[in-house]
Protein chains: 2
Amino acid sequence: MGKDDDGKHGTGRDSYHHGDLRRALIHAGLQLVAERGIEGLTIREVARRVGVTHTAPYRHFDDKMAIVAAMARDGLDMLNAQMEEAMDAAGEDPLQRYQASGVSYVMFAYRHPAYFRVMFLPAVSDREVYPEVATAKEAGYTVLREAIVACMDAGVLRRADPAELTMLSWSLVHGLACLYVDGQLEDADEAAVRERARRMTFHLWRGTRNA
Amino acid sequence: MGKDDDGKHGTGRDSYHHGDLRRALIHAGLQLVAERGIEGLTIREVARRVGVTHTAPYRHFDDKMAIVAAMARDGLDMLNAQMEEAMDAAGEDPLQRYQASGVSYVMFAYRHPAYFRVMFLPAVSDREVYPEVATAKEAGYTVLREAIVACMDAGVLRRADPAELTMLSWSLVHGLACLYVDGQLEDADEAAVRERARRMTFHLWRGTRNA
DNA sequence: ACCTGAACACCGTTCAAGT
DNA sequence: ACCTGAACACCGTTCAAGT
């Protein structure tokens with residue numbers, strides 16, 4: 001010790017380089033949304049928490065919405081990865097994989113409400129302005145859709161327009177997720193939410209199964 | 001003419017009394033949310049549009065959230081009325097009435113996105129703070145639930161926990177409504193949305209019907 | 001009762017300036 | 001390259017003051 005006692009040099013926690021600041025801003029922004037909700041997200045408070053001036057973030061992002069879009073993009077990537085992981089953990093049975101994808105969608109929202117809130121904000125949902133967000137959303141849609149097509153191929157879902165069944169499934173899990181995230185439902189622990197999601201997706205399958 | 005040429009007296013549009021201001025503020029607030037989204041809602045701009053000082057609204061509402069809560073409450077009342085109206089228009093068949101309630105939920109969101117956005121904000125969803133909002137939400141839940149119980153009584157839905165089926169239905173229509181309202185879906189006209197909602201609720205019924 | 005005007009502590013964003 | 005400080009036009013909210 002005595003070598004790095006000057007916090008202003010080196011890799012101390014109040015010096016940033018190579019885009020570390022970018023990541024730190026995104027992380028602090030999520031934290032803030034988790035604590036105070038979406039309207040509590042403030043560039044100035046984020047900068048304060050990270051330890052830089054309130055204008056520093058503008059070196060990495062065009063404006064406030066660009067930070068939100070970066071948060072949304074990270075969240076969508078996480079969700080997609082988590083859905084695919086859950087499907088793989090579910091094994092080979094197409095129906096199990098389909099159900100796992102829906103349940104994991106709900107569980108992602110339950111575990112990461114700040115990410116989920118930010119992912120579907122209208123302000124970051126214009127594909128002209130934030131194409132990466134739109135692309136990440138499409139990737140998730142495709143995961144779900146292919147799980148459904150696999151069920152049709154295996155004969156456990158009736159042959160129908162895949163787009164229609166995908167929208168149906170997405171609406172159901174998205175609705176349940178939103179109700180939890182927006183505090184519309186009585187509090188429930190993780191196991192209870194998972195069980196509810198499982199039963200709901202099962203009911204849905206029964207309405208769309210083959211014969 | 002010539003009698004009311006002085007807009008400052010009488011019942012001209014820039015004088016308020018008997019709580020007219022309250023209604024005018026709510027109306028202007030909705031307009032603003034419709035134009036600029038939830039984060040564009042500003043007490044100062046609302047007051048500006050109504051033609052009063054930015055402190056005048058505080059005579060009628062404790063703070064900004066109280067205005068939002070009043071908007072939410074009005075919207076929920078409208079939704080409940082519209083669901084009941086749609087059920088009556090659907091006739092006597094319990095299944096038709098059940099389906100009509102779900103479809104009208106989605107159509108309300110489609111036609112009144114500003115109301116819908118405001119109705120489920122976490123900030124107005126604490127029953128300790130805004131019990132009227134919570135009560136109005138319960139009334140809607142009850143409408144749906146009773147439509148479901150009527151179907152069970154008539155033997156067109158299997159006997160099960162009504163709460164579970166209500167949550168299932170609510171999640172589905174709420175999810176579709178949110179996806180439209182938040183701009184996650186390609187634009188569609190009213191007839192297309194209604195048809196989609198109809199097909200979805202039908203699929204759901206097939207998964208929960210009796211035998 | 002209802003409204004006003006000034007004031008305070010915040011915002012997002014821009015820009016000249018520093019290393 | 002990256003960060004700072006002052007500045008501008010906004011917010012929500014409070015309060016003494018006016019009719």
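Which helix of chain B does B:S171 lie in? Keep that question in mind as we walk through some views of this predicted model.

**Figure 1. Chain A as a whole is built from helices, with zero strands.** Starting at the N terminus, the elements read α-α-α-α-α-α-α-α, and counting them gives eight helices. If you draw a box around the C-alpha atoms along the principal axes, it comes out at roughly 75 × 40 × 35 Å. Chain A has 211 residues, and 48% of them are buried. Take the contacts between residues at least 6 apart in sequence: 62% of these join residues at least 24 apart. The exposed surface of chain A is about 10800 Å², with 49% of it supplied by carbon and sulfur atoms. Chain A also carries 26 positive and 31 negative charges, and the mean positions of the two sets are 2 Å apart.

**Figure 2. Chains A and B are laid on each other by a turn of 180°.** The RMSD of this superposition is 0.0 Å, and the shift along the axis is 0.0 Å. The two copies are therefore related as by a two-fold rotation axis. The same surface serves both copies, as 100% of the contact residues of chain B recur in chain A.

**Figure 3. B:S171 sits in helix α7 of chain B, which answers our opening question.** This helix covers residues 162-181. Is B:S171 buried or exposed? Its relative accessibility is 0%, so B:S171 counts as buried. Now look across to chain A: leaving aside neighbours within four places in sequence, B:S171 is in contact with A:S171, A:L172, A:G175, A:L176, A:L179 and A:M200.

**Figure 4. B:L168 is another residue to find in helix α7 of chain B.** With a relative accessibility of 1%, B:L168 counts as buried because the cut-off is under 20%. Which residues does B:L168 touch, not counting those up to four places away in sequence? From chain A they are A:L172, A:M200 and A:H203, and from chain B they are B:L204 and B:T208. B:T208 is 40 residues away from B:L168 along the chain, yet their C-alpha atoms are separated by 9.9 Å.

**Figure 5. Helix α8 of chain A runs through residues 190-208.** Its 19 residues reach 27 Å from the first C-alpha to the last, close to the 27 Å expected at 1.5 Å a residue. Try finding the buried residues of α8(A), which include A:V193, A:A197, A:M200, A:H203, A:L204 and A:W205. What covers the buried residues of this helix? The cover includes α4 and α7 of chain A, together with α7 and α8 of chain B.

**Figure 6. Helix α2 of chain B spans residues 43-50.** Its buried residues are B:I43, B:E45, B:V46, B:A47 and B:V50. These pack against α1 and α3 of chain B. Just after the helix, have a look at B:G51, which takes a positive phi of about 95°.

**Figure 7. B:D77 belongs to helix α3 of chain B.** You can follow this helix through residues 64-89. B:D77 has a relative accessibility of 33%, so B:D77 counts as partly exposed. Which distance separates the C-alpha atoms of B:D77 and B:A139? They are separated by 8.7 Å, while the two residues are 62 residues apart along the chain.

Note on methods
Residues numbered from 1 in each chain as written. Chains lettered and ligands numbered in written order. Predicted model: local features only at pLDDT ≥ 70, side-chain atom pairs only at ≥ 80, totals over all residues. Heavy atoms only, no water. Helix = DSSP H or I, 4+ residues; strand = E, 2+ residues; numbered from the N terminus. Buried < 20%, exposed > 50% of the residue type's maximum accessible area, 1.4 Å probe, protein only. Contact = heavy atoms within 4.5 Å. Areas by Shrake-Rupley, 256 points an atom, 1.4 Å probe, with all protein chains shown as cover. Lys, Arg positive; Asp, Glu negative; His and termini not counted. Charge placed at Lys NZ, Arg CZ, Asp CG, Glu CD. Expected span 1.5 Å × (residues − 1). Least-squares fit on C-alpha atoms with pLDDT ≥ 70 in both.
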